[in-house]
Structure formats: C-alpha cells, structure tokens
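Work through the exercises below with the sequence and the coordinates at hand, and try each task before reading its solution.

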Amino acid sequence: MLRLGPLRLHWSLLLGAVLFCAAQPGLLLLAGYALVLAAHVAGHAIATAGVPLRVEGVMLHALGGELLGTGEVAPVRRSLIAVCGVAAQALLLGAALFLPLPGDLHEALTRRNGVLLLLNLIPVKPLDGALAWKLPQRLRAARRLKFRGEMRSSRQVQQDVSDLLRKIRGNSRVR
C-alpha cells in the first residue's frame with residue numbers, strides 16, 4: 001500500500017488555480033484542476049512502488065506536485081518516476097476525450113490539462129521534463145552496462161575450454 005504522508009500546499013498553487021481557470025473561477029474548472037493535480041501526483045506515487053524510497057509527504061504546486069521523502073534510486077528509475085507524473089496526466093486527457101463530461105470539466109481535463117502537461121515537459125529543473133527527457137539516454141547507458149557484464153565468449157573458446165577440462169580430468173597421473 002502506498003503511504004503518501006502529509007499534504008503540503010505551495011503558495012504557487014493559488015496562482016496556478018487562477019491561471020488554470022483563466023481568472024473565471026468556476027466550480028467545475030477548479031474540480032478539473034484538482035483532478036489534474038491528483039492524477040499527476042498519483043502517477044509519481046505509483047512509479048515509486050517497489051522502490052526503496054520512503055515517501056514522507058506530498059507537495060502540491062501550480063504545475064503538479066512532487067513526492068517528498070528519503071532514499072536513493074537509480075537514475076533510470078528517477079527519470080521513470082518523472083515520466084509517470086506526466087503520463088498520468090496524458091491518461092486523464094485521453095479518458096476525458098471519450099467521456100461525456102460537462103463543458104467546463106471537459107475543458108479543464110483536455111485543453112488546460114494539455115497545457116500543464118506540455119509545461120511539465122519543459123527540460124528545466126524542477127519540472128519533470130528535466131529528468132524525463134534523460135530517460136532514453138539513461139536506458140541506453142543501462143543497457144550498455146548490462147551488456148558489458150554479460151560478455152559472451154565465442155563457441156570456439158567454450159569448446160577449447162571444455163576440451164582442456166576433459167584432458168585434465170582424463171589424466172589421473174599424479175606428478
């Protein structure tokens with residue numbers, strides 16, 4: 001079970017809500033903003049399952065949220081956690097396209113969610129894009145390291161070693 005700890009609200013959350021609603025506060029727009037933020041944080045939280053991280057809290061801010069905690073993870077997993085926040089937003093956007101929703105809620109979960117999604121993909125810290133865009137490079141590096149650890153010998157070398165071992169075992173003379 002995922003334990004997220006206390007919820008902390010960053011001051012930029014109010015600014016994000018005003019901008020998200022385009023200075024036209026509506027209950028459905030605010031509910032859509034809350035759903036987008038919840039999906040984003042849930043994506044991060046699901047990606048941390050099975051990882052030796054201790055999540056001690058959640059910080060919500062204007063463009064999504066982040067998990068606060070302790071522990072170390074591999075760089076590949078760190079990038080994957082970043083991608084999962086944005087991927088959860090994309091899933092919400094895709095679902096909203098096919099569900100019959102009221103006008104403002106549909107607007108919040110599609111167009112405005114899409115804008116937040118794209119902003120989160122900008123490769124600048126502290127946004128998710130700073131780590132997300134490193135994922136392909138980190139996957140290639142991890143694959144190279146794994147391949148180096150599995151250096152395979154040729155069949156000829158394997159055959160020569162097995163022949164040599166047979167000769168050694170067959171010669172029972174003690175010198």
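The exercises that follow concern a predicted model, and each task is followed by a solution in steps.

**Exercise 1. The chain as a whole**

Task: State how many helices and strands there are in the protein chain, in what order the elements run from the N terminus on, and what percentage of the residues count as buried.

Solution: Begin with the inventory, which comes to seven helices and three strands in the protein chain. Next, read the elements from the N terminus on, which gives the order β-α-α-β-β-α-α-α-α-α. Then turn to accessibility: of the 175 residues of the protein chain, 33% count as buried. Finally, take the contacts with a separation of 6 or more, of which 64% are accounted for by residues 24 or more positions apart.

**Exercise 2. The sheet**

Task: Determine in which order the three strands form the open sheet, in which sense β2 pairs with β1, and in which sense β2 pairs with β3.

Solution: Take the pair β1 (residues 7-9) and β2, which is parallel and extends over three bridges; within this pairing, R8 stands opposite M59 in β2. Then take β2 and β3 (residues 64-70), whose pairing is antiparallel and extends over seven bridges. Two positions illustrate this second pairing, since G57 has L68 in β3 as its bridge partner, and R54 stands opposite T70 in β3. The connection from β2 to β3 is a hairpin that passes through two residues.

Putting the two pairings together, the three strands form an open sheet in the order β1-β2-β3, with mixed pairing. The edge strands are β1 and β3, each of which pairs on one side only. Neighbouring strands of this sheet are turned against each other by 25° on average, with direction ignored.

**Exercise 3. The surroundings of β2 and β3**

Task: Explain why strand β2 is described as largely enclosed by the rest of the structure, and decide whether L67 is buried, partly exposed or exposed.

Solution: Strand β2 covers residues 54-61, and six of these eight residues are buried, so the strand is largely enclosed by the rest of the structure. A helix belongs in this picture too: α2 lies across β2 and β3, and runs at about 35° to β3.

Now consider L67, which lies in strand β3. Its relative accessible area is 22%, and L67 is therefore partly exposed, given that buried requires a value under 20%. For a distance check, take L67 and H44, which are 23 residues apart in sequence and 7.3 Å apart in space, C-alpha to C-alpha.

**Exercise 4. The packing of α2 and α4**

Task: Describe how helices α2 and α4 pack, giving the angle and the distance between their axes, the handedness of the crossing, and the residues that meet.

Solution: Two packed helices are described by the angle between their axes and the distance between the axes. Here α2 (residues 27-47) and α4 (residues 103-120) pack at an angle of about 45°, and their axes are 9 Å apart. That angle makes α2 oblique to α4. The crossing of these two helices is right-handed.

To list the contact, start from the α2 side, where L28, L29, G32, Y33, L35, V36 and H40 take part; on the α4 side they meet D104, L105, E107, A108, L109, R112, N113, L116 and N120. Sorted by character, the residues of this contact divide into nine nonpolar, four polar and three charged.

As a last step, look at N113, which has its place in helix α4. With a relative accessible area of 0%, N113 is buried. Not counting residues up to four places away in sequence, N113 touches F20, V36, Q89, L92, L93 and A108.

**Exercise 5. From P126 to A132**

Task: Identify which peptide bond is cis, with omega near 10°, and decide whether A132 is buried or exposed.

Solution: The cis peptide bond runs from K125 to P126, with omega near 10°, and P126 has its place in the loop between α4 and α5 (129-132). Moving on to helix α5, one finds A132 in it. A132 has a relative accessible area of 10% and is buried. Leaving aside neighbours within four places in sequence, A132 is in contact with S79, A82 and V83. The C-alpha atoms of A132 and G85 are separated by 9.8 Å, the two residues being 47 residues apart along the chain.

Methods:
Residues are numbered from 1 along each chain as its sequence is written. This is a predicted model: local features need pLDDT of at least 70, side-chain atom pairs count only at pLDDT 80 or more; totals for chains, interfaces and linings use all residues. Side-chain values use heavy atoms; hydrogens and water are left out. Buried means under 20% relative accessible area, exposed over 50%, partly exposed in between (1.4 Å probe, protein chains only). Helices (H or I, at least four residues) and strands (E, at least two) are DSSP runs, numbered from the N terminus. Two strands pair if DSSP finds at least two bridges between them. Axes are lines fitted to C-alpha atoms, for helices over the stretch in contact, and angles run from 0 to 180 degrees between N-to-C directions. Angles under 35 degrees count as roughly parallel, over 145 as roughly antiparallel, 65 to 115 as roughly perpendicular and the rest as oblique. A crossing is left-handed if the near helix is turned anticlockwise from the far one by less than a right angle, and right-handed if clockwise. Contact means heavy atoms within 4.5 Å. Ala, Val, Leu, Ile, Met, Phe, Trp, Tyr, Cys and Pro count as nonpolar, Asp, Glu, Lys and Arg as charged, and the others, Gly among them, as polar.
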